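Me: Could you take me through the pocket around the ligand in this structure, and then show me how that part sits in the rest of the chain? I'm in my first year, so please spell out the terms.

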Amino acid sequence: MAEEKKDPALEAAIAKAEEAKRQAEERKKAEEAQKTAEENPFAIETNPFTRIKHVIGIVSGKGGVGKSSVTAGLAVELNRQGYRVGILDADITGPSIPRMFGVTRITGMQEELMIPAYTETGIRLISVNLLMEEEETPVIWRGPAIAGVVKQFWSDVVWGDLDYLLVDMPPGTGDVPLTVFQSLPVDGILMVTSPQSLVDMVVKKAFHMAEKMEIPVLGVVENFSYVQCPDCGRKIYVFGENKLDAWSEKTGVKICAKLPMDPEIAELSDTGRIEQLPVGLMADVAAVLPK
Ligand SMILES: Nc1ncnc2c1ncn2[C@@H]1O[C@H](COP(=O)(O)OP(=O)(O)OP(=O)(O)O)[C@@H](O)[C@H]1O
Ligand SMILES: [Mg+2]
Ligand SMILES: [Zn+2]
């Protein structure tokens with residue numbers, strides 16, 4: 001009987017159908033990948049010389065709470081732990097990262113691309129300050145131009161292989177944080193506050209912005225949290241010890257560290273020696289980052 005025999009024509013038809021099915025599945029997969037890419041129309045590509053594992057944004061509601069110091073200190077800690085770290089200074093109008101590390105110029109250019117500055121211990125930095133002839137020159141660009149510079153710091157810098165790129169954001173919820181959240185693949189943000197400023201509206205806004213853009217808030221760092229008595233080592237919480245706790249409970253954002261107000265931190269960051277920061281100071285902050 002014909003049905004019992006192997007029919008070469010039938011076999012071929014089955015093979016053909018199976019192949020067609022496999023191809024259709026592959027097409028579907030490719031279409032899905034394409035769709036994911038299209039879901040964020042603002043995303044910008046980096047260059048072939050950049051491979052970054054994690055992008056972390058450091059934000060604050062108000063200026064002057066120590067955001068740049070925390071960014072720099074965290075980079076130092078991660079670098080000491082053996083990770084490859086870069087800092088993108090997105091505070092275009094108030095850049096302060098290069099000064100903390102005592103560097104003044106980028107390494108150079110590779111055709112159209114910028115090679116970041118390398119600090120003494122090998123942390124890679126990009127900042128408008130590293131591109132200016134005179135560090136003092138005020139930056140007067142506005143809105144879209146500033147956002148454009150931040151995008152270039154992502155797309156046109158030879159970052160190489162990095163475990164972490166830390167993005168030091170200007171304070172508040174303006175164009176730059178929005179651009180960074182929209183255009184860069186930010187894995188999570190760290191918020192920096194001081195005990196006097198947490199209750200302000202701006203930090204809540206920053207938090208809601210991150211929430212809306214579905215970027216996880218990894219934790220909040222309270223800077224200037226206490227002073228330590230030089231005689232007995234007792235911690236004195238000048239502004240009260242538990243001001244953050246209620247907010248943390250309400251929002252579910254973890255308090256990852258409370259850092260002291262310490263003249264040594266100011267001294268090191270203001271004289272370009274942030275890489276000599278006391279060992280372990282930022283370890284609790286580093287611990288909340290994705291591995
Ligand atoms: N824990 C600390 N103890 C003592 N001084 C500190 C501490 N953290 C930061 N500072 C000092 O406070 C000043 C402001 O810090 P920093 O520049 O890091 O703040 P910022 O939030 O980045 O400010 P901006 O809004 O201007 O970007 C600097 O002089 C810095 O050295
Ligand atoms: Mg700053
Ligand atoms: Zn004491």
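Reply: Here is a walk from the ligand outwards to the whole protein.

First, some housekeeping: this is a predicted model, where local features need pLDDT of at least 70, side-chain atom pairs count only at pLDDT 80 or more, and totals for chains, interfaces and linings use all residues. Residues are numbered from 1 along each chain as its sequence is written, while chains are lettered from A and ligands numbered from 1 in the order in which they are written.

Now the ligand. Ligand 1 is surrounded by 21 residues, and the closest are Gly63, Gly66, Ser68, Ser69 and Ala266. A residue makes this list if its C-beta atom, placed from the backbone, lies within 6 Å of the ligand. Sorted by type, the shell has seven nonpolar, ten polar and four charged residues. In that sorting, Ala, Val, Leu, Ile, Met, Phe, Trp, Tyr, Cys and Pro are nonpolar, Asp, Glu, Lys and Arg are charged, and the others, Gly among them, are polar.

Where does the shell come from? Helix H2 (67-80), strand S9 (217-228) and helix H8 (263-270) each supply at least two of its residues. H8 gives the largest share, four residues. These labels are DSSP runs numbered from the N terminus: helices are H or I with at least four residues, strands are E with at least two.

Let's zoom in on H2. It has 14 residues and reaches 20 Å from its first C-alpha to its last, close to the 20 Å expected at 1.5 Å a residue; that expected span is 1.5 Å times one less than the number of residues. Twelve of the 14 residues of H2 are buried, including Ser68 and Ser69. Buried means that 20 or more other C-beta atoms lie within 10 Å of a residue's own, exposed means 12 or fewer, and partly exposed is in between, with C-beta atoms placed from the backbone. Just after H2, Gly82 takes a positive phi of about 100°.

S9 has a quirk of its own. Phe224 is found in this strand, and its phi is near 55°, a positive value in a residue other than glycine. Most residues other than glycine have a negative phi. Phe224 counts as buried because 22 other C-beta atoms lie within 10 Å. Glu111, in the loop between strand S3 (108-110) and strand S4 (113-115), also has a phi near 55°, but Glu111 is exposed, with 5 other C-beta atoms within 10 Å.

Next, the strands. S1 (residues 50-60) runs parallel to S7, joined by eight bridges, and His54 stands opposite Tyr164 in S7. S1 also pairs with S8 (residues 186-193) in the parallel sense over six bridges, where Ile58 has Leu190 as its bridge partner. Two strands pair if DSSP finds at least two bridges between them.

Finally, step back. The protein comes to nine helices and eleven strands, and 36% of its 291 residues count as buried. The domain assignment gives domain 1 (9-39) and domain 2 (50-286); such bounds come from an automatic or database assignment. The C-alpha centres of the two domains lie 46 Å apart. The C-alpha atoms fill a box of roughly 100 × 50 × 35 Å along the principal axes.
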